[in-house]
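Here are my notes for your first look at this model. Keep the viewer open and go point by point.

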Amino acid sequence: MSTAPHATKLEALQIWLNERLPSLLAENQVPGAAVAVSVSDQVIDAAAGVLSTRTRVEATPDSVFQIGSITKVWTTTLAMQLVDEGTLDLDAPVRTYLPDFKLAADEAAAAVTTRQLMCHVAGFEGDFFTDTGQGDDCLEKLIATFGDVPQLFAPGERFSYNNAAYCVLGRIVEVLRGKSYDACLRDHLFTPLGLTHAATGPHEAILHRAAVGHLRPTPDAAPEPAPVWALVRSNSAAGSMLAMRPRDLLAFARMHLADGLGPDGTRVLGAESARAMRQPQVELPPLGLLGDAWGLGWEIFDFPGGTVVGHDGGTIGQSAFLRVAPGQDVAVAVLTNGGDPLVLYTEIVGRVLRELAGVELPALPVPDPAAPHVDASRYVGTYTSSAADTEVSQDAEGRIWAERRPKGVFAQLGGRREKTELVGAHEDTLIAVEPENGMHGLYAFVGDDGAGHALFLHTGRADRRVAP
């Protein structure tokens, strides 16, 4: 494939990014952002705004931002390296490697496999941000608290996004490597990829120009610096700490595009393992920004014009987006530190995929003004998870409402009780009338409780019905 046309397109894209990025930030109250785009071995990057509205330090292409749950693809890659070495079997029970692994449902703890952890079908509750300290044993201590974690459904039954599963996966990596998760990242990914601007936590991030997350104290207020830089270290393997510049994130993505070869030709991951990570493992209900299926670590998007893999990340006031078009050798990363970053994602990623990969980014879902009346009797009820309780109701006028009450760390970090009107979107799926963070949320109702009611409210996580 000739690189000349792509070089010309990259040059034009660089000019556009330099001109457009500052205004995109201003229009969406995003304090700062950094972007990188690659085609084969050609990379461009850009940055604008500030890393903190308090310090006013300017963002540069070398600034490090938290990548949040994009870390899950890194954790999966560390595990797949062990598959390559013959020390990890994806379909063996987790207890093969963690004999003391416990959940509230012992039969589930005995049955769940590493593969199920990777593709979010392990079936247990998935949001536990317990602070177990800053030591290298924090992950081990966290997993030891999982004996009371409830099971939502049998392992393998359905998809439900699960941070805790990736903490378990990270602990398997630690045990098989005989060293901490952070050391595994540095030794087995940072070093062979030649990364220079990547940090496993705040003590490394402070050596660089590090972005600070921003939150809105009230819905209509301007974003302000968050009260803390990161979530707890015990969730590092799920995405609570890892930070880097976008160019370094694309070095990781380009290794996957090269089926496991690093920038100097070193084999970082087996070709078969790299390809296996991009193969669908479980289909998802229609949920808007999420993919159509999940592979091993990667989200899989069936976009018009071709298949794209990727992942998003969200931490305390920071949002990250990674999209990779394997068939076209194209990757793009957008890292932000607050405000409404979805417009940046749609405009920047949409342009990159369209111009460089021939792939169209579908429009985000919006409610139909003429949506017909919906009988919500199947949906009405209370649904709960470790993250929130949600009550779905239908009033005398036939309007449907979802009232969400955040719990735990989500409430502590400023999550507010919110009541949202829903209308019909498509079969067993409702959509929020008003957007939140730039998107109209989708609420899918799946399963059956045996009495004609949905068993789960699915918004990426499957929240189980607890009251009719």
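1. Start with one term. A residue counts as buried when its relative accessible area is under 20%, as exposed when that area is over 50%, and as partly exposed in between. Keep in mind that this is a predicted model.

2. Now apply the term to helix 11. Which residues are buried there? They are Leu342, Leu344, Tyr345, Ile348, Val349, Gly350, Val352, Leu353, Leu356 and Ala357. A general rule helps in reading such a list: an α-helix has 3.6 residues a turn, so residues three or four places apart point the same way. Just after helix 11 comes Gly358, with a positive phi of about 70°.

3. Next, the domains. The domain assignment gives domain 1 as 1–361 and domain 2 as 381–465. Their C-alpha centres lie 26 Å apart. The contact between them takes 26 residues from domain 1 and 24 residues from domain 2.

4. Pro367 deserves a look. Pro367 lies in the loop between helix 11 (342–357) and strand 14 (381–384). Which residues does Pro367 contact, leaving aside neighbours within four places in sequence? The partners are Val423, Ile431, Ala432, Val433 and His440. Leu430 is 63 residues away along the chain, yet the C-alpha atoms of Pro367 and Leu430 are separated by 8.8 Å.

5. Turn to the nonpolar cores. The largest has 75 residues. Within this core, Trp74, Phe101, Leu117 and Phe124 touch the most other members. Helix 6 gives the most to this core, with eight residues. A second, separate core has 36 residues, and Leu24, Ala33, Ala325 and Val352 are among them. You met Val352 above, as one of the buried residues of helix 11.

6. Zoom in on Phe124. Leave out residues up to four places away in sequence, and Phe124 touches Phe101, Leu103, Leu117, Val149, Pro150, Gln151, Leu152, Asn162, Ala164, Ala165 and Val168. Two of the names on that list, Phe101 and Leu117, also appeared among the core residues that touch the most other members.

7. Now a helix pair. Two packed helices are described by the angle between their axes and the distance between the axes. For helix 2 (residues 71–84) and helix 6 (residues 163–177), the axes come within 10 Å and cross at roughly 35°. The crossing is left-handed.

8. What meets what in this pair? Helix 2 brings Lys72, Thr75, Thr76, Leu78, Ala79, Gln81 and Leu82. Helix 6 brings Asn163, Tyr166, Leu169, Gly170, Val173, Leu176 and Arg177. By class, the contact has seven nonpolar, five polar and two charged residues.

9. Is Thr114 buried or exposed? Thr114 is in helix 4 (residues 114–118). Thr114 counts as buried because its relative accessibility is 0%. Beyond residues up to four places away in sequence, Thr114 touches Leu88, Asp89, Leu90, Ala92, Val94, Tyr97, Leu169 and Ile172. Leu169 is also one of the helix 6 residues that meet helix 2.

10. Compare Glu140, in helix 5 (residues 138–143). Glu140 counts as partly exposed because its relative accessibility is 42%. Glu140 touches Arg171 and Glu174, not counting residues up to four places away in sequence. Glu140 and Gly170 are 30 residues apart in sequence and 9.5 Å apart in space, C-alpha to C-alpha.

11. Check two backbone angles. Ser40 is not a glycine, yet has a positive phi of about 55°. Find Ser40 in the loop between strand 1 (32–39) and strand 2 (42–49). Its relative accessible area is 28%, so Ser40 is partly exposed. Asp259 also has a positive phi without being a glycine, near 50°. Asp259 sits in the loop between helix 9 (246–257) and helix 10 (271–277). Asp259 counts as buried because its relative accessibility is 18%.

12. Last, Arg56. Arg56 is in the loop between strand 2 and strand 3 (65–66). With 52% relative accessibility, Arg56 counts as exposed. Arg56 and Pro31 are 25 residues apart in sequence, while their C-alpha atoms are 9.4 Å apart in space.

How values were computed
Residues numbered from 1 in each chain as written. Predicted model: local features only at pLDDT ≥ 70, side-chain atom pairs only at ≥ 80, totals over all residues. Heavy atoms only, no water. Axes fitted to C-alpha atoms, helices over the stretch in contact; angles between N-to-C directions. Helix = DSSP H or I, 4+ residues; strand = E, 2+ residues; numbered from the N terminus. Left-handed = near helix turned anticlockwise from the far one by under 90°. Contact = heavy atoms within 4.5 Å. Nonpolar A, V, L, I, M, F, W, Y, C, P; charged D, E, K, R; others polar. Core = buried A, V, L, I, M, F, W, Y, C linked by side-chain atoms within 4.5 Å. Buried < 20%, exposed > 50% of the residue type's maximum accessible area, 1.4 Å probe, protein only. Domains from an automatic or database assignment.
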